[in-house]
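Me: I am new to this structure and would like to know how its descriptions are justified. Could you take me through it?

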Amino acid sequence: MGRYVLRRLLQAIPVLLGTTFLIFAIVYALPGDPLQALAGEKRVDPVFAAAMREQFHLNEPLLVRYGYYLRDILSGDFGTTFRGLPVSTIFEGKFQVTFKLSMTALVFEAVIGVGLGFWAALRRGKWEDKAVLAFTLLLVSIPTLVSGFVLQLLLGVKLKLGTGIAFFPVAGVQDGLRSYLLPGFVLATVSIAYLTRLTRTSLMETLRADYVRTAVAKGMPKSRVLGRHALRNSLIPMVTYLGADLGTLMGGAVITETIFNLPGIGQQLFQSVYLQENPVVVGIVTVLVLIYIVANLVVDMLYAVLDPRIRYE
Amino acid sequence: MVKNPSIDTSLLPADAATEPLLAVDNLHVEFTTRQGLVRAVNGVSYTVNAGESLAVLGESGSGKSVTAQAIMGILDMPPARIPKGEVRFRGTDLLKLSDQARSQIRGQRIAMIFQDALSALNPVFTVGWQISEMFRVHRGMGKRDAMKKAVELMDRVRIPAAKQRVNDYPHQFSGGMRQRIMIAMSIALDPEVLIADEPTTALDVTVQAQIMELLAELQRESNMGLILITHDLGVVADVADKIAVMYAGRIVENAPVHDLYKNPGHPYSKGLLDSIPRVDQKGQDLYAIKGLPPNLLDMPPGCAFHPRCPYRRDNCVTDVPPLYEISGTRGSACHYYREVLDGTVE
Ligand SMILES: Nc1ncnc2c1ncn2[C@@H]1O[C@H](COP(=O)(O)OP(=O)(O)OP(=O)(O)O)[C@@H](O)[C@H]1O
Ligand SMILES: [Mg+2]
């Protein structure tokens with residue numbers, strides 16, 4: 001087990017280098033001049049521009065600039081924007097918001113997706129199964145923009161509790177966890193559909209496995225056959241999906257954050273791309289990549305817990 | 001030793017003494033598939049007594065496993081259906097029991113071993129966990145005691161260093177050892193009937209012999225009824241008392257093992273025997289039954305074997321042969337079994 005963990009950690013290093021370099025290269029290859037974008041319509045003073053270029057190493061070759069960037073990140077410094085603000089103060093608080101939002105979405109996914117998928121698999125071919133499949137199709141075909149506004153209007157404005165208060169807050173994060181429930185669900189919808197289908201397929205496959213038949217032949221009660229013998233074996237694809245999805249959710253939260261006006265990283269990213277604030281964009285994306293890599297490491301560790309064949313490989 | 005102190009005596013009717021331990025009687029199993037109704041088992045009957053070994057023989061697809069799964073009650077229904085027949089265990093028809101009553105028998109009093117132990121054992125649990133589960137779930141034993149029992153059983157099936165290996169996973173064992181674990185698990189609660197479905201097919205020849213020997217020995221010690229499913233006539237002679245030969249979902253011949261070896265009473269059994277490689281016929285061409293087994297979706301009329309049969313006459317194409325009684329212990333489903341026995345072909 002120890003060797004497995006160590007190997008996975010070492011393998012993460014080249015992944016980290018490769019991805020950060022790619023992000024760096026892509027962002028710097030974007031057309032347009034960041035200094036000009038900063039100045040808007042106004043003319044940029046060439047002397048000032050030259051000084052800025054010098055300070056931000058804009059004249060150095062790409063690899064050298066990547067070297068500076070990597071050195072800074074490793075020392076926890078995400079650099080400063082052209083306006084002189086440290087990038088890290090720009091993200092402050094925002095990552096937490098997006099992280100909470102994504103975790104809420106992930107919980108919805110895990111509970112609803114796995115639950116529905118399991119149920120559908122057990123009722124394979126019956127009307128319940130078909131209803132679940134139809135429901136997942138519906139979920140993937142409604143864009144977040146639509147489901148977000150509709151749910152916000154229904155549950156946040158129209159429908160009231162007895163006391164006249166709406167079910168959920170419409171916007172902002174003032175209400176703690178309650179603020180995250182509705183946007184979390186909206187963010188999760190598409191993933192719920194995928195995870196439901198994945199769970200269904202995975203469990204159906206496991207239920208056909210010889211060792212499940214063995215468990216039945218041993219006279220094990222049905223609940224045990226499903227809950228112990230089949231479940232653990234069918235979890236791997238679901239865990240993989242959930243792990244990979246954390247990154248996707250965090251990076252893709254911008255629409256949901258905008259609808260529910262959550263001060264998260266998605267909104268910031270959008271704004272920074274728009275304004276060509278390259279250091280901020282690179283900083284945000286780098287942190288997202290880090291989160292993605294860590295999530296995948298966690299998934300790899302979970303594999304080893306779930307399947308001894310991986311542990312002893 | 002008193003066997004199974006928890007036996008529910010309501011399952012033991014008065015005539016239990018005269019009934020065989022297990023009797024399959026005119027069993028039919030069919031599967032609903034996209035292509036149509038597959039009649040996999042068409043009126044199979046056989047019996048096993050305590051301490052007796054029955055070998056069930058036949059080509060791939062002849063319905064051996066499906067019959068066994070019907071006995072165990074592990075067929076998926078649907079697509080499977082059992083339109084007719086009985087499986088009597090000590091005189092009680094298992095097919096009429098409730099799920100609850102059935103699951104008290106499955107694994108505890110009638111147990112089964114599968115062909116490929118690697119896929120039949122759960123990859124994510126230790127072998128000790130999988131064996132001890134029998135005691136924990138069916139006997140309400142505590143974890144530690146159940147584990148001790150698992151080690152004892154692993155010793156009993158002669159797995160070296162059982163105590164150290166009880167916490168290993170199936171993939172850490174060799175094929176032969178895995179099959180021993182499967183056997184340990186199946187005999188955990190001293191079943192009265194053990195069904196072994198091709199227990200050695202996935203193993204190499206030397207290991208095959210060891211596993212067969214182990215099964216025979218365990219059976220002798222505990223007086224189980226053993227149903228040994230195989231398509232290898234070679235392994236049968238030493239272990240089995242009697243043979244049932246299946247073809248296209250029916251029994252075509254049943255006989256005490258030596259009678260059948262000496263003088264088969266059905267052209268298909270004869271073909272099977274002739275296709276065993278023998279040392280004294282070295283150099284000669286190996287005999288093979290010509291043609292293919294029939295398509296279960298489109299069975300030939302009359303005797304299902306007639307398209308491949310060297311003894312075929314006109315009525316074989318039209319009349320389904322019943323299982324003719326050759327002697328008290330022998331039967332053949334061939335209109336011309338006498339000629340087959342006499343060896344007067346054409
Ligand atoms: N779930 C199923 N659905 C449809 N047909 C099935 C199913 N299970 C078995 N059959 C059919 O039943 C027939 C008998 O199968 P069975 O597994 O009993 O053969 P077998 O004698 O055990 O052969 P083998 O030696 O290959 O194990 C086969 O033709 C098979 O296609
Ligand atoms: Mg079979």
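Reply: Happily; here are some questions with the definitions behind each answer. This is a predicted model, where local features need pLDDT of at least 70, side-chain atom pairs count only at pLDDT 80 or more, and totals for chains, interfaces and linings use all residues. Residues are numbered from 1 along each chain as written, chains are lettered from A and ligands numbered from 1 in written order, and side-chain values use heavy atoms, leaving out hydrogens and water.

Me: What makes S60(B) one of the residues that surround ligand 1?

Reply: A residue is near a molecule if one of its heavy atoms lies within 4 Å of it. A polar side-chain atom of S60(B) lies 2.4 Å from an oxygen atom of ligand 1, so the definition is met. In total 14 residues surround the ligand, with G61(B), K64(B), S65(B) and V66(B) also among the closest.

Me: How do you know that K64(B) and G63(B) make polar contacts with ligand 1?

Reply: A polar contact is a pair of N or O atoms within 3.5 Å (within protein, one must be able to donate a hydrogen and the other to accept it, and residues adjacent in sequence count only if both atoms are side-chain atoms). K64(B) has a polar side-chain atom 2.9 Å from an oxygen atom of ligand 1, and G63(B) has a backbone N or O atom 3.1 Å from one. Both distances therefore fit the cut-off. Taken alone, ligand 1 exposes 640 Å², and the protein buries 66% of that (areas by the Shrake-Rupley method with a 1.4 Å probe; for residues, only the protein chains shown count as cover).

Me: Why are β1(B) and β4(B) called paired strands?

Reply: Strands are DSSP runs of E, at least two residues long, and helices are runs of H or I, at least four, numbered from the N terminus. Two strands pair if DSSP finds at least two bridges between them. Here 7 bridges join β1(B) to β4(B) (residues 80-89), running antiparallel, so they qualify as a pair. One example is E30(B), whose bridge partner in β4(B) is R81(B).

Me: What makes β2 and β5 of chain B edge strands?

Reply: The open antiparallel sheet has 4 strands in the order β2-β1-β4-β5 (chain B). β2 (36-48) and β5 (92-93) each have a single partner strand, so one side of each lacks a neighbour in the sheet.
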